[in-house]
Amino acid sequence: FLYKRDPTKWGKIPCEILPESVTDDDIFILLGMYHVTGKHPWDPFEQAGHIYRRRQEGISLEQLNEELPIGKPTIKNYLKAYEMMRLYNEKDNRKWSYYFEYIKSPTIQKIAKEQFEDGEFDEIIACAIQNGEIEKGEHIRRIPSIAKSKKALKKFVEGDVEFNDAYEMIQHEGGTDIIYV
């Protein structure tokens with residue numbers, strides 16, 4: 001296909017032919033080295049997908065940590081965020097950062113664990129992401145501020161107000177770090 005569009009550019013492509021003895025595991029390890037942390041990194045969603053597929057093949061976290069020069073906590077967070085996207089049927093990989101911000105925050109995870117039934121808050125946040133209530137991935141960082149106000153959190157969780165309205169409520173209560181001049 002590309003050759004037909006631009007034969008000069010795509011007529012010859014440098015490549016290395018791997019020996020037949022190379023296993024699928026070896027190929028996955030190479031892909032990880034090249035595209036998770038190498039010269040041609042994939043976007044984080046694709047990196048997480050690679051890690052997820054390795055786990056599905058039965059590769060342990062310890063083995064992944066040896067294969068990839070990223071820390072075990074990052075590997076775990078990538079897996080959790082990717083799994084959350086799959087669980088809530090998120091089709092837009094551009095929303096990766098929303099889920100990753102949600103998963104990687106110990107404060108948010110503590111709120112989810114201590115104030116809600118198992119997975120209940122995850123579902124609420126996934127719905128808010130998917131329906132556009134949470135407009136940017138960085139807005140996930142507002143959750144701890146909202147959670148400080150039982151009233152704002154309750155109204156958001158029960159669907160009485162949208163995410164941004166809950167945040168505005170706490171701004172008016174003085175519950176954010178915003179300085180008014």
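## Surroundings of helix α11

In this predicted model, the buried residues of α11 are covered by surroundings that include α8 (106-115), α9 (120-130), α10 (143-148) and α12 (163-173). The helix itself spans residues 150-157, and its buried residues are A152, L153 and F156. Because these three cover an arc of only 95° around the axis, they lie on the same side of α11. The other side of the helix carries K150, K151 and K154, which are exposed. After α11 comes G159, a residue with a positive phi, near 85°.

## Packing of α11 against α12

One of the elements covering the buried residues of α11 is α12, and the two helices pack with their axes 9 Å apart at an angle of about 170°. Angles over 145 degrees count as roughly antiparallel, and α11 and α12 are therefore roughly antiparallel to each other. Their crossing is right-handed.

On the α11 side the contact involves K151, A152, K155 and F156, which meet F163, A166, M169, I170 and E173 of α12. Among these α11 residues, A152 and F156 are buried, whereas K151 is exposed.

## The largest nonpolar core

In soluble globular proteins, nonpolar side chains tend to be buried together. Here the largest nonpolar core has 48 residues, and those with the most contacts inside it are W96, Y102, F121, I125, I140, I143 and F156. The largest share of this core, seven residues, is contributed by helix α6, which runs over residues 72-87. F156, already described as a buried residue of α11, thus also appears among the residues with the most contacts inside the core.

Y102 is another of these highly connected residues. When its neighbours within four places in sequence are left aside, Y102 is in contact with M84, I108, Q109, A112, F121, D122, I125, I140 and I143. Of these partners, F121, I125, I140 and I143 are themselves listed with the most contacts inside the core.

## Packing of α6 against α7

Helix α6 and helix α7 (residues 96-104) pack at an angle of about 125°, with 9 Å between their axes. That angle makes α6 oblique to α7. The crossing of α6 and α7 is right-handed, and the contact is made by N77, Y78, K80, A81, Y82, M84 and M85 of α6 together with W96, Y99, F100, Y102, I103 and K104 of α7.

Two of the α7 residues in this contact, W96 and Y102, are also among those with the most contacts inside the largest nonpolar core. On the α6 side, M84 takes part in the helix contact and is listed as a partner of Y102.

Key:
Residues numbered from 1 in each chain as written. Predicted model: local features only at pLDDT ≥ 70, side-chain atom pairs only at ≥ 80, totals over all residues. Heavy atoms only, no water. Buried < 20%, exposed > 50% of the residue type's maximum accessible area, 1.4 Å probe, protein only. Helix = DSSP H or I, 4+ residues; strand = E, 2+ residues; numbered from the N terminus. Arc of directions from axis to C-beta. Contact = heavy atoms within 4.5 Å. Core = buried A, V, L, I, M, F, W, Y, C linked by side-chain atoms within 4.5 Å. Axes fitted to C-alpha atoms, helices over the stretch in contact; angles between N-to-C directions. Parallel < 35°, antiparallel > 145°, perpendicular 65-115°, else oblique. Left-handed = near helix turned anticlockwise from the far one by under 90°.
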